[in-house]
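Me: I am new to this structure. Please walk me through the terms used for it.

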Amino acid sequence: MSRGWPVGFPISLNGRAFEIRYDIRHSSSSSSYRGPHGHLLLTATRLAGTRWPMHQVDITKLVGLLARLVSGRRRRLSGDADFDQRCLVIEDGVPVRDGWLDAATRKEIARFVDEAPLPGTIWIHDGALVFIMRDPWTGIDGPVVRALLERQGGLASALERTAGVSS
């Protein structure tokens, strides 16, 4: 974009590289972007290995109206009824290999969405694990971001493990 968006900076934590970005996203009739819109705060880390760049996965914690809207109207991806009641997982494009959403990975996803400082979307896209939060970012400060990145690093490691990447 000509306005210099997105604005971001790299950071490393526990040996893993992250990028924190502020972006404004919108769609129009000529846009192929699908995802959260508005003023967004994104934390991203690359996933190791060659398999994740082929896939796109969106994960959202089901709460309130969203939980009621999707109950009973979607395919149960994980086979874990408790997890599927709590999280909506959508694979877009090339399906991820069987077994990627195993019990350990579901546990990391649930932990991440439960402990996230704000509601958001987990997005596996172009080989990166991205967490997207919409404005307002009430309560976001240095220690909160550090804790978020530590949990995101744990989730990234779980995803890499299921893709056959050794840590």
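Reply: Start with burial. Buried means under 20% relative accessible area, exposed over 50%, and partly exposed in between (1.4 Å probe, protein chains only). This is a predicted model, where local features need pLDDT of at least 70, side-chain atom pairs count only at pLDDT 80 or more, and totals for chains, interfaces and linings use all residues. Residues are numbered from 1 along each chain as its sequence is written, and side-chain values use heavy atoms, with hydrogens and water left out.

Me: Why is E160 called buried?

Reply: Its relative accessibility is 7%. The limit is under 20%, so E160 counts as buried.

Me: What makes the link from the E160 side chain to the backbone nitrogen of A48 a polar contact?

Reply: The distance is 2.8 Å. A polar contact is a pair of N or O atoms within 3.5 Å; within protein, one must be able to donate a hydrogen and the other to accept it, and residues adjacent in sequence count only if both atoms are side-chain atoms.

Me: How do you know that β1 and β2 pair?

Reply: Pairing needs at least two DSSP bridges between two strands. Strand β1 (residues 7-13) and strand β2 (residues 16-25) have 7 bridges, in the antiparallel sense. F9 stands opposite I20 in β2. The two strands form a hairpin with 2 residues between them.

Me: Which strand also pairs with β2?

Reply: Strand β3 (residues 38-46) does, again antiparallel and over 7 bridges. There, R21 stands opposite L42 in β3.

Technical notes
Helix = DSSP H or I, 4+ residues; strand = E, 2+ residues; numbered from the N terminus.
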